[in-house]
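Q: I have a model open and would like to go through a few spots in it with you. Could we start right away?

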Amino acid sequence: MPGIFAVIAGVFGLVFGSFLNVCIYRLPRDLSVVAPRSFCPSCQRQILWHENIPLLSYALLGGRCRTCKAPIGWRYPAVEAMTAALFAGTVFEFGLTIAAMKWIVFGCMMVVLFWTDVETRLLPDELTLGGMAIGLGFSLFVPQSDGPAALLAPGAAAPVASLLNSAIAAFLLSVPFVAFSYGYARLRNIMPPGWGDVKLLGMLGAFLGLGQGILAMMLGATGGAILGGGYILVKKKDPRTHALPLGTFLCAGGIVAAFWGPRIIQWWWRLNG
Ligand SMILES: [Zn+2]
């Protein structure tokens, strides 16, 4: 019966996506995500419950505020749909398990960070550093076997080895990245990545482990270089001053690595074996 649970999870995801939209707007602005109730950022009027029904309200209102007619960004329905797909897909794949919970929590944080970086170039610490702590916490319950823990601490209890693997991945993805990217930025005379990106990489390592974490980083960096570099060329921006939302690309890489990573890595080794 995973189908029925997946559908129910999808409906939950739709509603939760509304909350993630609130987080995307408020977290980078240091506003509370619980109070006050949602308001139109243009005319400040409070949004009524029937104007806040996921997907449906956006369609019925024609994507505009009912009072001031200011356009509501397509990000709102997009995030609701993405979150619904995330909840449904994860429950379909993992059932009602703690692993499913881990990937839903991870996916929600990826969705929020993806958009805060697009809209404000900020990656709130609550989600990067907080997310790293949550990722380490999950490793106590969802075994992380990818890593050198078995070599470094043979005979360690399973949750300890799992936590060690998760922590090593968080460290290896973030700290060497700082040295490398700052050196590279100096060499090329371009903007170095921000600290938010470094903390985000640590969080990706904590959740994904070493192999999938590296995959997320490679996918994000390649995507950023191709799409972001292309954007800079087409729009004739100055690469020395134009900041690309690297975090957005890393989040997209993180989602791909989380859900398709094992298959991609297997395919890669078969290709090169
Ligand atoms: Zn308005």
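Q: Where is glycine 229 found?
A: Glycine 229 lies in helix H8, which covers residues 195-234; helices here are DSSP runs (H or I, at least four residues; strands are E, at least two), numbered from the N terminus. This is a predicted model, in which local features need pLDDT of at least 70 and side-chain atom pairs count only at pLDDT 80 or more, while totals for chains, interfaces and linings use all residues. Residues are numbered from 1 along each chain as its sequence is written, and side-chain values use heavy atoms, with hydrogens and water left out.

Q: Is glycine 229 buried or exposed?
A: Glycine 229 is partly exposed, because its relative accessible area is 25%, and the class runs between buried (under 20%) and exposed (over 50%), with a 1.4 Å probe and protein chains only.

Q: And what does glycine 229 touch?
A: Not counting residues up to four places away in sequence, glycine 229 touches Gly224 and Leu244, where contact means heavy atoms within 4.5 Å.

Q: Changing topic, which residues coordinate the zinc ion?
A: Cys40, Cys43, Cys65 and Cys68 coordinate the zinc ion, each through SG, at 2.3 to 2.4 Å; donors are N, O and S atoms within 2.8 Å of the metal (3.2 Å for Na, K and Ca), and water is not among the atoms, so sites may look incomplete.

Q: How are those donor residues spaced in sequence?
A: The donor residues of the zinc ion follow the spacing C-x2-C-x21-C-x2-C. Cysteine 43, in the loop between helix H1 (2-26) and helix H2 (56-60), and cysteine 68, in the loop between H2 and helix H3 (75-94), are 25 residues apart, and the pair links distant parts of the chain.
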